[in-house]
Amino acid sequence: MTHLSLEKNQLFIYLLAVLLGLILGVMVPEMGGRLEIVVWPLLAALMYTTFTQVPLTHLRDAFYKPEVLLAAILGNFVLIPLAVACLLLVAPDDPAVKLGILLVLLVPCTDWFITFTQLGGGDTRLAITFAPISLLLQILLLPFYLWLFLGDEFHLNLAQGEMVWAFFSLIIVPLMLAFLTQKWLAKQDNGERVINFLAWFPVLLLAMVMFIIAISQVTIVLQSVSLLFHLSVIFLLFLAITAVMARLLSRLFKLSSRQGRVLAFSFGTRNSFVMLPIALALPASYELAVVVIVFQSLVELIAMMVFLWWVPKHLFPLSR
């Protein structure tokens with residue numbers, strides 16, 4: 001069994017972790033408070049091992065297909081924010097829910113997007129070379145997006161010391177450590193083996209984080225069943241919009257089917273777990289943002305099972 005096999009079955013692993021967490025949260029409600037203390041170390045390890053799988057040292061390789069790079073940037077960082085703005089119009093009128101939607105839909109995925117591109121027959125090399133650019137752009141642009149959508153509310157209510165601490169300690173620091181690790185391992189004979197070993201951890205660590213979040217947030221989840229249905233409609237609409245967007249941009253930039261598949265999986269997958277540290281550091285009144293982010297990741301993974309069949313068969317079939 002390889003880490004790729006683990007990634008193929010990650011949906012079932014996450015669903016099991018959430019289900020067990022909800023059950024234990026109901027049966028032993030005090031357990032959530034006891035386990036919350038280990039969430040931050042787990043998140044730090046999750047971020048580090050995940051970032052080691054993003055080819056941060058391959059930035060120079062990204063420009064061998066500039067038209068694909070331009071299409072991916074235009075879709076992810078210009079058109080998708082416009083689509084999210086439209087979806088917010090039909091979102092529940094709750095600041096925490098809207099913030100959760102913004103956090104999870106505005107930032108493209110940088111790790112399992114590569115896995116889905118590979119499984120869906122897309123140009124994996126392009127996915128690999130776009131990933132570090134995507135990660136850097138979203139880190140730079142996310143504060144601007146939040147200010148654009150939330151205005152003064154973001155500065156006054158959300159820019160708390162805990163959020164700043166979470167951003168730097170659980171995103172920036174692991175990112176720099178991962179970059180230094182990749183640079184060092186590139187000079188070692190067993191460097192690729194170490195990177196492959198670290199690839200086992202993101203799915204397992206994220207499952208543990210989801211398990212603890214489910215235990216600690218079980219009351220909110222049980223009170224938000226109708227909200228989850230509303231959110232599922234929004235997230236499915238988002239996926240439909242991104243699929244159309246990938247098709248149109250692929251035609252506009254005259255991309256091949258395999259290159260178009262890179263766009264489809266990049267637009268459809270979001271960086272939910274990278275946003276978790278930020279959501280968990282929000283004030284107590286914004287607890288629903290965490291539920292929104294975890295729920296979106298589950299909806300997305302189920303949808304990607306469909307994408308893996310539909311994208312290569314119908315959206316971007318290979319020319320005969």
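This is a short dialogue on reading helix packing, ring pairs and one loop residue in a predicted model.

Colleague: How are two packed helices described?

Modeller: By the angle between their axes and the distance between the axes. Here, take helix α12, residues 201-216, and helix α16, residues 272-280. Their axes come within 12 Å and cross at roughly 35°. The crossing is left-handed.

Colleague: Which residues of α12 and α16 make the contact?

Modeller: From α12, L206, V209 and I213. From α16, F273, L276 and L280. By class, six residues in this contact are nonpolar, none is polar and none is charged.

Colleague: Why do residues three or four places apart point the same way in an α-helix?

Modeller: An α-helix has 3.6 residues a turn, so such residues share a direction. Look again at L206, V209 and I213 on α12. These three are also among the buried residues of that helix. Others buried there include P202, V203, L205 and A207.

Colleague: What should the 16 residues of α12 span?

Modeller: At 1.5 Å a residue, the expected span is 22 Å. The end C-alpha atoms of α12 are 23 Å apart, which agrees.

Colleague: Now the rings. How many aromatic pairs does a search of the whole structure find?

Modeller: Nine. Start with Y14 and W112. Their ring centres are 6.3 Å apart and the planes stand at 45°, so this pair is tilted. Planes under 30 degrees apart would count as stacked, and over 60 as edge-to-face.

Colleague: Where do Y14 and W112 lie?

Modeller: Y14 is in helix α2, residues 10-27, and W112 is in helix α7, residues 112-119. The pair therefore ties together parts that are 98 residues apart in sequence. Y14 is buried, with a relative accessible area of 1%. W112 is buried too, at 4%.

Colleague: What about F144 and Y145?

Modeller: Their ring centres are 6.1 Å apart, with planes at 50°, so that pair is tilted. F144 is partly exposed, at 41% relative accessible area. Y145 is buried, at 5%.

Colleague: Which residues do ring pairs link into a cluster?

Modeller: Y14, W112 and F273. You have met F273 already: it belongs to the α16 side of the contact with α12.

Colleague: One last stop, K254. What is its phi?

Modeller: Positive, at about 55°, although K254 is not a glycine. K254 sits in the loop between α14 (225-252) and α15 (257-268).

Colleague: Is K254 buried or exposed?

Modeller: K254 is exposed, with a relative accessible area of 72%.

Notes:
Residues numbered from 1 in each chain as written. Predicted model: local features only at pLDDT ≥ 70, side-chain atom pairs only at ≥ 80, totals over all residues. Heavy atoms only, no water. Axes fitted to C-alpha atoms, helices over the stretch in contact; angles between N-to-C directions. Helix = DSSP H or I, 4+ residues; strand = E, 2+ residues; numbered from the N terminus. Left-handed = near helix turned anticlockwise from the far one by under 90°. Contact = heavy atoms within 4.5 Å. Nonpolar A, V, L, I, M, F, W, Y, C, P; charged D, E, K, R; others polar. Phe/Tyr/Trp six-rings, centres within 6.5 Å; stacked < 30°, edge-to-face > 60°. Buried < 20%, exposed > 50% of the residue type's maximum accessible area, 1.4 Å probe, protein only. Expected span 1.5 Å × (residues − 1).
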